[in-house]
Amino acid sequence: ALLIGLWSVWVSGVLLIALSLYATQRLPLSKNRIFSHTSFSDLDTPKITIFTAPAPFTGSSGTKQSLAIRSWLALSPQISVILFSQHHSAASFAKSFGSRALVESDIDFTFLGVPFFHSMVAKSRAFKSDIYVFMDTETILLPDFVLALNYAHNLDDDWLLFASPRDVPNFPFYLDEDGKHWLKDGQRIRIQEDTLGSSWQWSCCDSRMVIAWNNGVMPLHHGVLPPFLYGKGVYNHWLINEALSSGLRFVFDASWTISNIALGDSRRQSNCLVKSSNVSDIEKGSWEYDCNSHLAAVYGLSSLHGFNYSAVMKLVKCDGQYLLISATEDFLHTYAYKKQSLWKRDIPNCWRSKTNLACVVRTIKTRNETSGCSLKDGSVHTKTLKLSFSLESLLAITADENKTVVLTVAGYSYKDMLMSWVCRLRRLRITNFLVSSLDYETYQFSVMQGLPVFNDPSAPSDISFNDCHFGTECFQRVTKVKSRLVLKILKLGYNVLLSDVDVYWFKNPLPLLSSFGPATLAAQSDEYNQTRPINLPRRLNSGFYFARSDAPTISAMGKVVRHAATSGLTEQPSFYDTLCGEGGSTRKGDNRCVEPGTNLTVHFLDRNLFPNGAYLGLWERKNVKSACKKQGCLVLHNNWISGRVKKLERQVISGLWDYDITTRMCLV
């Protein structure tokens with residue numbers, strides 16, 4: 001009888017549980033799925049690091065950025081800010097916020113000073129933090145930001161959250177001197193959604209989203225992060241989509257619980273490259289936005305176009321309790337957790353109240369606009385990427401205070417060596433360089449890498465994928481392009497340091513090269529014999545030389561170009577035969593010669609400072625870098641070797657390589 005009684009109790013319990021689950025499934029109260037959790041306002045705030053890239057700190061933009069960053073730091077002493085910038089005023093700007101704001105410039109930037117998002121993310125890993133946040137510098141944060149991150153910090157799983165901006169064209173509030181209280185007309189005020197009135201609206205602007213993730217074990221997504229340009233649209237949507245598709249992290253929308261207030265700017269709104277039910281399509285973009293759109297289309301697991309956020313879990317807060325809601329399920333459920341691990345349970349009676357259910361429904365309905373956000377449709381990624389700069393405007397932007405530019409010329413087969421060369425110059429803080437592309441592919445590649453590139457219409461049209469190395473007919477034609485370009489730039493009033501991409505720079509040679517007076521062309525010597533003069537016939541290397549924009553140099557370079565045009569050889573013999581005379585008839589001493597018609601002096605550079613690829617066997621040394629530094633090399637030419645592959649292998653193996661081909665970033 002006892003056993004029968006226990007059995008009856010057990011059966012009754014099972015039936016009651018089954019009935020409860022059935023009743024739960026039949027609830028018609030909502031079409032949303034809810035994960036219910038307790039409030040975490042009483043927990044300690046995790047260490048939060050906010051990463052951003054400020055615009056120039058002048059005018060209204062500087063005022064908005066200052067107000068925004070003060071609003072961040074006022075939320076918690078656990079918040080610090082990293083400003084990615086190369087601007088000369090960044091340090092003083094950061095100093096005004098105290099020790100919790102720092103400037104970081106050791107990442108990749110475009111020639112216009114725009115940082116690369118993938119480089120920013122990679123650099124963020126060098127900072128110890130519980131939570132990493134990326135956001136725009138003209139965005140105000142309120143205390144709900146910290147509360148939402150406190151909640152997320154206690155999830156067991158690795159996560160990524162995002163919050164869409166709320167555009168506020170008129171923000172009449174300001175912080176007091178201590179940065180602790182908001183004021184309006186001198187009176188303290190607590191800013192809430194209703195405080196802003198009807199002046200704000202939800203925005204789909206990608207670049208102004210708040211995006212954050214925990215310092216966890218799992219990566220954000222599969223694959224690599226493309227070289228998106230920060231602040232130029234697309235990349236946040238791409239990252240969210242990739243994180244969702246990869247399934248490595250729990251992704252949710254915190255737009256309801258984080259007041260991401262974007263200070264109004266119609267110019268910046270026009271750069272969002274999105275569409276939604278309440279934001280008109282933007283018909284005009286720029287090369288930077290086209291680049292990001294192109295990268296989004298060719299990288300990743302799935303297409304962004306038409307992607308809809310309605311399927312993403314939403315974090316809301318009703319009656320002081322955080323809830324994760326899925327608006328795509330047919331039934332209402334609640335979830336509990338063990339230290340925030342999600343697992344289904346029956347709906348507690350408190351959640352069946354009309355008040356709480358109305359809160360959930362109301363919250364969702366106030367944000368229907370965001371579910372229509374997607375990238376701007378169209379064929380942006382199929383368009384030809386083109387800088388909106390002429391050669392003349394690029395020269396004006398990139399030239400240094402002495403009107404000097406460093407010019408290199410490259411084809412697609414040398415694109416990786418080009419980037420290693422660029423990365424090395426960036427490491428040396430040399431920004432006054434220009435790239436001339438020999439083909440369409442190199443031009444497109446350079447634009448996406450943020451380089452100041454121009455396309456030379458006179459370049460040979462059939463060299464894109466040829467192994468265009470020394471001794472080939474292709475090489476002969478390519479070298480003649482270089483002297484024509486140098487002459488063109490000299491005539492525009494700029495001094496030129498021509499450097500091939502296979503010249504590795506240890507130090508900036510421009511201070512020394514600039515010390516040579518007018519009417520002097522300084523060039524590398526190709527002589528490798530240590531005991532012979534360095535200005536012997538045809539030992540002038542046209543892959544590294546410095547030319548001034550003066551009448552004698554321009555006239556002499558014109559002669560070189562005309563001579564090369566009728567020669568069946570490379571331009572290098574034309575340089576020597578024109579400037580030093582055939583057989584070296586106008587040589588002066590062991591390291592000079594003079595072109596008699598223009599009185600231009602050609603100075604052959606000291607090989608200990610500017611060694612060629614065969615001098616002293618430097619490339620064969622066990623530690624090439626150490627040997628060159630000990631000798632005092634300014635540069636080292638990777639020539640006197642046959643074939644592009646061998647040249648590339650030698651440079652990589654030697655350690656004189658500064659570019660990561662996989663991540664498309666400069667090596668640290």
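**Exercise 1.** Decide whether Val-298 is buried or exposed in this predicted model, and place the residue in its secondary structure.

*Solution.* The relative accessible area of Val-298 is 52%. The classes are defined with a 1.4 Å probe on protein chains only, buried being under 20% relative accessible area, exposed over 50%, and partly exposed in between; Val-298 is therefore exposed. Next, Val-298 belongs to helix H8, which covers residues 287-298, where helices are DSSP runs of H or I with at least four residues, strands are runs of E with at least two, and both are numbered from the N terminus. Finally, Val-298 and Pro-226 are 72 residues apart in sequence, while their C-alpha atoms are 9.4 Å apart in space.

The model is predicted, so that local features need pLDDT of at least 70 and side-chain atom pairs count only at pLDDT 80 or more, whereas totals for chains, interfaces and linings use all residues. Residues are numbered from 1 along each chain as its sequence is written, and side-chain values use heavy atoms, with hydrogens and water left out.

**Exercise 2.** Find how many disulfides there are, and describe the link of Cys-423 and Cys-666.

*Solution.* A disulfide is a covalent bond between the sulfur atoms of two cysteines; the criterion applied here is a pair of cysteine sulfur atoms within 2.5 Å, and the count comes to 2 disulfides. In one of these, the sulfur atoms of Cys-423 and Cys-666 are 2.0 Å apart, and the link is left-handed, with -80 degrees about the S-S bond. This pair links distant parts of the chain, since Cys-423 sits in helix H11 (residues 415-427) and Cys-666 in strand S34 (residues 665-666), 243 residues apart. Both Cys-423 and Cys-666 are buried.

**Exercise 3.** Work out which parts of the chain the pair Cys-580 and Cys-593 ties together.

*Solution.* Cys-580 and Cys-593 are joined by a disulfide with an S to S distance of 1.9 Å. Cys-580 lies in the loop between helix H16 (571-579) and strand S29 (587-588), and Cys-593 in strand S30 (residues 592-595), so the parts tied together are 13 residues apart in sequence. Cys-580 is buried, because its relative accessible area is 0%, and Cys-593 likewise counts as buried at 0%.

**Exercise 4.** Explain why Cys-628 and Cys-633 are not bonded to each other.

*Solution.* The cysteine sulfur closest to that of Cys-628 belongs to Cys-633, and the separation of 3.6 Å is too far for a bond. Starting from Cys-633, the closest cysteine sulfur is in Cys-628, again at 3.6 Å. As for accessibility, Cys-628 counts as buried at 0%, and Cys-633 counts as buried at 2%.
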